[in-house]
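This report covers contacts between chains, around the ligand and between domains. Look at the sequence and structure first.

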Amino acid sequence: MSDLEQLYQQIILDHSKRRNGEGLVEPEPGHAWGETHQHNPVCGDQIRLRVETDGGAIRRISWEGDGCSISMASASVLVDLAAGESRESLLGLVAQFRAVMRSRGAIEADEEALGDAAAFAGVSRFPARVKCAMLAWVAAEQALAAADTAAGQG
Amino acid sequence: METVTGPRGSAEAEPALTPLDDTEVRRLRGDFTLLERTVNSVPLVYLDSGATSQKPQSVLDTEQHFYENFNAAVHRGAHTLAVEATEIYEEAREKTARFIGAGPDEVVWTSNATEALNLLTYSFSNASAGRGGEAARRFALGPGDEILVTELEHHANLIPWQELAFRTGASLKYIPVDADGALRMDLAADLVGPRTRVLAFTHVSNVLGTVVDVAALVELARAVGALTVLDGCQSVPHLPVDVKALDVDFMAFSGHKMLGPTGIGVLYGRRELLDAMPPFLTGGSMITTVTMERAEFLEAPTRFEAGTQRISQAVALAAAIDYLDEVGMGRIAAWEEHLGRRLAAGLASIPGVRQLGPAGAARIGTATIDVPGVHPHDVGQFLDSRGVAVRVGHHCAQPLHRALGVTASTRASTYLYNTDDDVDAFLGAVADVRGFFGVGA
Ligand SMILES: Cc1ncc(COP(=O)(O)O)c(C=O)c1O
């Protein structure tokens with residue numbers, strides 16, 4: 001496989017069209033939720049992402065955004081992966097994903113844990129694209145923090 | 001200082017009227033070492049000169065030659081080296097001035113066009129605060145005054161004016177573009193009025209490559225006594241530009257886009273205007289008498305050149321101008337127009353790819369595309385895998401992209417060293433984009 005095919009694996013191209021979780025969803029009453037807007041000024045990629053929890057587990061992630069196939073696919077993959085996870089385990093997955101992305105190809109992705117997100121391993125060899133892959137994940141991390149604050153206040 | 005070496009083969013140069021052709025361009029390429037490199041194991045096809053140009057050997061050699069033989073602070077000290085350095089530095093200014101049809105006192109060195117436009121707007125700001133006295137009153141803006149720009153502008157010729165408007169209470173208006181990105185000249189006449197104090201606009205769109213009708217806009221501005229400011233970033237490197245013929249009051253451009261080094265740019269201003277403007281940056285090298293309370297300033301252009309200047313960069317820019325002059329700006333413009341037409345014709349025959357900008361407009365060798373269904377970032381990545389270097393994104397022109405109904409685009413921009421093969425490599429790669437991403441198969 002060429003570097004380019006490593007970058008744009010079929011799973012990624014499929015997710016970039018499927019876009020799981022696209023379209024912001026009104027949170028259920030009683031659920032804690034948080035939302036953030038992430039923007040990559042270099043290329044204009046942007047995402048508004050909402051995380052909804054029932055206190056312990058992630059109930060739903062929804063988003064709207066505009067960007068390259070890498071950024072859109074990574075949001076789609078995240079939505080699948082996060083459903084039903086505890087907030088700690090989602091934060092653990094974000095940390096794991098970030099480590100792979102920043103490794104310049106040195107760290108292999110754990111397919112067991114990361115599922116379809118493991119297909120993004122090829123992105124780590126394209127430093128200019130790591131930000132694209134991370135966009136939704138950083139948004140999720142921050143939305144979760146916002147949800148925690150909101151819950152704490154409520 | 002003697003020129004190090006001109007364009008390769010210039011000794012047997014053809015008469016100036018012979019058009020630049022593929023054969024001569026291939027010879028010129030020999031002067032640009034970088035163009036020989038590969039990326040991703042394929043030969044580099046550099047089509048991003050709109051962002052920054054590559055540099056010929058003579059420019060690199062001149063800068064090194066200066067440091068090896070003449071380096072000293074200019075306009076300071078009486079030792080031989082300082083005198084020689086000053087002479088070379090001022091020769092560079094004269095050459096640059098001649099290149100755009102200006103007088104040497106009308107060329108202010110800046111770091112780049114962005115700094116040139118900020119210098120201008122901050123000087124106007126200072127005039128608005130009363131600095132520069134009676135002479136500077138003509139630059140003072142306040143509530144009721146209008147600054148007019150266009151929707152085509154690069155952020156560098158937009159944000160400084162926005163900020164000036166905020167600081168002074170003047171209002172900012174713009175001449176819009178139509179859905180194709182053509183400037184609405186039919187609306188311009190209504191937008192220019194007695195309140196218009198400044199009309200700032202680009203000569204060539206950095207996104208679309210289209211050439212703006214400078215004469216028509218200058219005529220409108222003159223009729224109401226407004227100052228004209230031209231962004232020459234994409235025209236000075238690619239077209240013969242004469243500020244007196246264009247009759248503009250100010251013009252900004254950058255050296256790095258015209259074969260010169262980074263770190264050097266120019267603000268051209270009419271002599272009598274520059275001499276009446278208050279300074280922007282202040283400090284050493286721009287004063288006559290200084291007391292603990294106040295300072296008297298030198299005349300233009302030194303009034304605007306506070307602190308130790310970009311000496312080697314100015315000298316290297318002069319070498320770039322020598323190179324351009326030897327090839328001939330008219331010939332360069334004609335060659336790039338040819339490349340632009342080749343790009344447009346090729347793109348028109350690729351399904352699912354749309355060239356942005358008004359069809360049939362006068363253009364430099366720039367083509368910007370939208371591939372519905374494939375994000376420009378992905379288009380650029382795919383092209384890069386074929387060695388084709390283009391710019392993707394909003395090209396520092398978000399309002400224009402908004403007007404065109406896209407958030408980003410992919411731009412190929414040529415220079416005198418690009419061949420027909422470069423254009424064809426780009427077209428070939430673009431033709432494969434949708435297939436690779438599985439769009440509209
Ligand atoms: C039309 C136009 N104006 C202004 C600029 C700013 O030039 P610089 O970044 O060299 O200051 C550019 C270059 O990007 C440009 O293309």
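Which residues make up domain 1 and domain 2 in the domain assignment of chain B? Domain 1 takes in 14-55 + 328-434, and domain 2 covers 64-324. Keep in mind that this is a predicted model.

**Between the domains of chain B**

Taken over C-alpha atoms, the centres of domain 1 and domain 2 of chain B are 28 Å apart. The two domains touch: 29 residues of domain 1 of chain B are in contact with 28 residues of domain 2 of chain B. On the domain 1 side, four elements of chain B each supply at least two residues: helix H11 (329-348), strand S14 (366-370), helix H13 (398-404) and strand S17 (409-413). H11(B) gives the largest share of that side, with six residues. By class, the domain 1 side has 15 nonpolar, ten polar and four charged residues.

**Between the chains**

Chain A meets chain B through eleven residues, which are in contact with 13 residues of chain B. The table below gives the classes for the chain A side.

**Around the ligand**

The ligand is surrounded by 13 residues. The closest are B:Asn112, B:Thr114, B:Asn206, B:Cys233 and B:Ser254. Eight residues of this shell are polar, four are nonpolar and one is charged.

**Classes side by side**

| Set of residues | Nonpolar | Polar | Charged |
|---|---|---|---|
| Side of chain A touching chain B | seven residues | three residues | one residue |
| Shell around the ligand | four residues | eight residues | one residue |
| Side of domain 1 of chain B touching domain 2 of chain B | 15 residues | ten residues | four residues |

Key. Residues are numbered from 1 along each chain as its sequence is written. Chains are lettered from A and ligands numbered from 1 in the order in which they are written. This is a predicted model: local features need pLDDT of at least 70, side-chain atom pairs count only at pLDDT 80 or more; totals for chains, interfaces and linings use all residues. Two residues are in contact if their C-beta atoms, placed from the backbone, lie within 7 Å. Ala, Val, Leu, Ile, Met, Phe, Trp, Tyr, Cys and Pro count as nonpolar, Asp, Glu, Lys and Arg as charged, and the others, Gly among them, as polar. A residue is near a molecule or strand if its C-beta atom, placed from the backbone, lies within 6 Å of it. Domain bounds come from an automatic or database domain assignment.
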